[in-house]
Structures are given as structure tokens and as C-alpha cells.
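Biologist: I am new to this structure and would like a close look at one part, the sheet and what surrounds it. Please start with the aromatic rings and work outwards from there.

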Amino acid sequence: MVIYLIGFMGSGKTFWAEKLSARLNLPWFDLDKLIEEQEGTDVREIFSVKGEEHFRQVEHALLKGISTSFNDPVGMQAILSCGGGTPCFHDNMDLMNASGKTVWLNPPVHILASRLTRDSGERPLLAGKKGEELENFISLKLDARRTWYEKAGVIINEPVPSLQGIINELAK
Ligand code: S3P
């Protein structure tokens, strides 16, 4: 099975995926990177040239591929850091819950906003947004996505436990 890290942009999916992969000695894949490899260009370009719908189709197909490649029903076989929107399209949340364990990293809006202020350049959905506009956008989008995120098997709220704390949650 796959450990799927989900959550809003800036929630720490890449950070924790790297740590979990090293500690558990499991391969780590990043869904956005797989999409970029397959499409031969970056996420921003895919959104602007081929559109979000195309991006979501490729995202779903690659997710399906990962879920079937690591199909041991019990053992942890790989870590996948997803994109912020992955759970909300094409029944991806059900697919992930059926093939592994989903972990929702759920920092509050002000933490997301401060991280994304520093690091928004690559993200097409955030293009041009800053300050109050960025914070309002995050708040509305997070509320709209909550229904999917809440289906996660493990929910990590702030303050985030230690790496071992997260691993303990995974083992439950
Ligand atoms: C998206 C989040 C991004 C990337 C794309 C769309 C989203 O991933 O998949 O820009 O819809 O929230 P990160 O969460 O890794 O930034």
C-alpha cells in the first residue's frame, strides 16, 4: 500500500514525504513531478497551455498507476506526495483510501498564507495573489476542499507531532 500525503498547497507534503521516506526506507514519489515528467513541461505551463482539466486527467491516470504498482494490501511500500487538489477530482480520494493510507496535513490558514507568500511563484492557482487577497483565497478554497480532505485516514493538525508521532499514527 501507498502512504498518500494530502493537503492544501504549502501544508508540508513534500517536507514530510522526504522525512518519512528516509526514516521508513521507502521510495518517495511526488505526483506533480511525475506529471511534469510525463508532459515534458512544468505545472504552470500545463495549466496555461493545456488547461486544468487536462492536468487533472493526467494526475488521475498517474495516481491510478501508482496505486496499482504498490498493491500489497497491508505493507507500506511507497510514499506519494500529492498536489493540493488531487483528492478533489475524479474520485481520487476513494481510490487512495482503497489502496493505502491517506494523511491530511492540516495547518491553519495563517500558516499556509505565510508559507505561500514566500513561495507562490510556481503555483498557477496563486498567480498574482498576495496579502489579504491570498489569505481570503486560501480560506475559501480550503473550505471548498474540506469535504474531501476530511475523508483522510489520518489527520495531522498543528502543532505537528514529531516524525515518530506521525509514524505512530500511521501504524494505528
Ligand atoms: C494544486 C496544487 C499544486 C499543483 C497544482 C494545483 C492545487 O501542488 O498540483 O498547482 O489545486 O491545489 P502543491 O500542493 O504541491 O503546491
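**The sheet and its surroundings**

Modeller: Counting rings whose centres lie within 6.5 Å as a pair, there are four aromatic pairs in this predicted model. One of them joins phenylalanine 29 and phenylalanine 70, with 5.7 Å from centre to centre and 40 degrees between the planes, so the pair is classed as tilted. Phenylalanine 29 belongs to strand E2, while phenylalanine 70 sits in the loop between H4 and E3. The two residues are 41 residues apart, and their pair links distant parts of the chain.

Strand E2 leads to the sheet itself. The sheet is open and has five strands in the order E2-E3-E1-E4-E5, paired in parallel. Strand E2 (28-30) and strand E5 (154-157) are the edge strands; each has a single partner, so one side of each has no neighbour in the sheet. On average, neighbouring strands are turned by 20 degrees against each other, direction ignored.

Further in, strand E1 (residues 2-6) and strand E3 (residues 78-81) run parallel and are joined by four bridges. Here isoleucine 3 stands opposite isoleucine 79 of E3. Helix H4 packs on the sheet and touches E1, E2 and E3, with its direction at about 145 degrees to that of E1.

Helix H4 (52-69) also contributes to the largest pocket, supplying at least two residues of its lining, as do H1 (13-24), H2 (31-39), H3 (43-49) and H6 (109-118). The space in this pocket is about 730 Å³. Its lining consists of 33 residues, and those nearest the centre are Met9, Lys13, Thr14, Asp32 and Arg123. By type, the lining has 15 charged residues, nine polar and nine nonpolar.

Two backbone details lie in loops that adjoin the edge strands. Most residues other than glycine have a negative phi, and most peptide bonds are trans. Asparagine 25, which is not a glycine, has a positive phi of about 55 degrees. Asparagine 25 is placed in the loop between H1 and E2. At the other edge strand, the peptide bond from glutamate 158 to proline 159 is cis, with omega near -10 degrees. Proline 159 is in the loop between E5 and helix H8 (163-171).

Methods. Residues are numbered from 1 along each chain as its sequence is written. This is a predicted model: local features need pLDDT of at least 70, side-chain atom pairs count only at pLDDT 80 or more; totals for chains, interfaces and linings use all residues. Side-chain values use heavy atoms; hydrogens and water are left out. On a 1 Å grid over the protein atoms alone, a cavity is a set of points where a 1.4 Å probe fits but cannot get out, and a pocket is an open set with protein on both sides within 12 Å along at least five of seven lines; lining residues have an atom within 4 Å of a point. Grid points are joined across faces, edges and corners, and a volume is the space filled by probe spheres set on the points. Ala, Val, Leu, Ile, Met, Phe, Trp, Tyr, Cys and Pro count as nonpolar, Asp, Glu, Lys and Arg as charged, and the others, Gly among them, as polar. Two strands pair if DSSP finds at least two bridges between them. Axes are lines fitted to C-alpha atoms, for helices over the stretch in contact, and angles run from 0 to 180 degrees between N-to-C directions. Contact means heavy atoms within 4.5 Å. Rings of Phe, Tyr and Trp (its six-membered ring) pair if their centres lie within 6.5 Å; planes under 30 degrees apart count as stacked, over 60 as edge-to-face and the rest as tilted.
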